[in-house]
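Colleague: I'd love a close look at a single part of this model: the shell around the ligand. Please take me through that shell, and then show me how the rest of the chain is built.

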Amino acid sequence: MPLVRVHNFSISLDGFGAGEPQSAEAPFGHAGERLHEWMFGTRFWAEGGSAGMDDSFALRHSVGIGAEIMGANKFGPPGWQDDPDWKGWWGPNPPFHTPTYVLTHRPRSPLEMEGGTTFHFLSTSPEEALAIAQEAAGDLDVRIGGGATTVREFVAADLVDHLHLVQAPIVLGRGTRIWDGLEALEDTYDIEAVSSPSGVTHLTFTRKAGTAEVPA
Ligand SMILES: NC(=O)c1ccc[n+]([C@@H]2O[C@H](COP(=O)([O-])OP(=O)(O)OC[C@H]3O[C@@H](n4cnc5c(N)ncnc54)[C@H](OP(=O)(O)O)[C@@H]3O)[C@@H](O)[C@H]2O)c1
């Protein structure tokens, strides 16, 4: 059965997936690039990077994925909905290469990009968005791409089977936090932590056998 997965989602020690304020100049607010420095050093990110533990985790992001769902604040800076020409941060050939569903209360027409990515804009519940993405993904898995608000929403709705978080050794103090309103995830998930020589901790949350939602 296809899974719902989160990969490479980077958080600070205090659980923030982005700082504040988010803007076109600073997409991650005062966090800058610090949440993702572990990834920039990998071969996954750039030729010549490391092929160690961080790279092995990072690579799983792209394997077996047939669609992505992301939040409006990942797709663009505050107010992008007012710009009819905004097509995301990633240029003409975004790195998704699948149907990609952007949750927003101000949806617009689909945007077909190069390389197999088509952005679709949805204003609907996590359950309905997931059903649409799963239909598009067929036998493949659906990735929940972030930000923290969207990951939290899908975890809270008990829709996520596997969650890979990367805890960077920084304290942000403010921003968008993944943990708010979630508790006792250890009842639903087997949780493992592995320290990388780069200084980050890879955390995996894997749904315990027998706790899956029964499809309607
Ligand atoms: N740490 C990481 O690895 C990582 C990964 C990806 C992104 N990011 C960063 O995280 C930040 C964005 O995260 P975020 O938590 O602020 O926001 P987000 O999860 O990207 O987006 C939240 C927004 O999506 C829309 N939305 C969510 N659920 C919806 C639903 N069911 N129906 C309709 N609209 C819905 C709403 O926007 P509207 O009401 O405005 O439409 C909501 O405010 C950015 O800085 C991004 O660069 C970090």
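Modeller: Happy to! A word on terms before we begin: helices here are DSSP runs of H or I with at least four residues, strands are E runs of at least two, and both are numbered from the N terminus. Please keep in mind that this is a predicted model.

With those terms, a UniProt record helps to place the part you asked about. The unreviewed entry lists residues 8-185 as "domain: Bacterial bifunctional deaminase-reductase C-terminal". That span is 20% helix and 21% strand, and its end C-alpha atoms lie 19 Å apart. The protein chain as a whole holds 5 helices and 11 strands.

Now to the ligand. There are 28 residues around the ligand, and those that come nearest are G71, N73, G146, G147 and T149. Four elements give two or more residues to this shell: β1 (4-11), β2 (16-18), α3 (72-75) and α5 (148-156). Helix α5 supplies the largest share, with 4 residues. In chemical character, the shell divides into 16 polar, 9 nonpolar and 3 charged residues.

Two of those nearest residues deserve a second look at their backbone. The peptide bond that joins G146 to G147 is cis, with omega near 0°. G147 sits in the loop between β7 (141-144) and α5, so this cis bond should be easy to find if you follow the chain towards that helix.

Helix α5 itself has several buried residues: A148, T150, V151, R152, F154 and V155. One of them, V151, also links the helix to the chain's interior: V151, I69 and A133 have the most contacts inside the largest nonpolar core, which has 44 residues. Just after α5, D158 takes a positive phi of about 60°.

From V151 we can move to another of those core residues, A133. Leaving out residues up to four places away in sequence, A133 touches A67, I69, Y101 and V142. I69 is thus both a partner of A133 and one of the core residues with the most contacts. A67 is a partner of A136 as well, alongside G66 and P99, again without counting residues up to four places away. A136 lies in helix α4 (residues 126-137). It is partly exposed, because 16 other C-beta atoms lie within 10 Å of its own, and a buried residue needs 20 or more. For a sense of scale, A136 and E37 are 32 Å apart in space, C-alpha to C-alpha, and 99 residues apart in sequence.

Let me return to β2, one of the elements of the ligand shell. The loop between β2 and α1 (37-40) holds P21, and the peptide bond from E20 to P21 is cis, with omega near -10°. A31 lies in the loop between β2 and α1 too. A31 counts as buried because it has 25 C-beta neighbours inside 10 Å. Beyond its neighbours within four places in sequence, A31 is in contact with F16, A18, G19, L172 and G175. The C-alpha atoms of A31 and W89 are 17 Å apart, with these positions 58 residues apart in sequence numbering.

The other shell element to follow onward is α3. In the loop between α3 and β4 (99-103) you will find H97, whose phi is positive, near 60°, in a residue other than glycine. H97 has 15 C-beta neighbours inside 10 Å, so it counts as partly exposed. A184 also has a positive phi without being glycine, near 55°. It lies in the loop between β9 (176-177) and β10 (189-195), and with 7 C-beta neighbours inside 10 Å it counts as exposed.

Finally, here is the whole chain around your shell. Its radius of gyration is 17 Å, which agrees with the value near 17 Å for a compact globule of 216 residues. The C-alpha trace spans about 45 × 45 × 35 Å along the principal axes. Of the 216 residues, 36% count as buried. Among contacts between residues at least 6 apart in sequence, 65% join residues at least 24 apart.

Key
Residues numbered from 1 in each chain as written. Predicted model: local features only at pLDDT ≥ 70, side-chain atom pairs only at ≥ 80, totals over all residues. Near = placed C-beta within 6 Å. Nonpolar A, V, L, I, M, F, W, Y, C, P; charged D, E, K, R; others polar. Rg over C-alpha atoms; globule rule 2.2 N^0.38 Å. Buried ≥ 20, exposed ≤ 12 C-beta atoms within 10 Å, placed from the backbone. Contact = placed C-beta atoms within 7 Å. Core = buried A, V, L, I, M, F, W, Y, C linked by C-beta atoms within 7 Å. UniProt positions renumbered as here; feature names shortened; annotations may be inferred.
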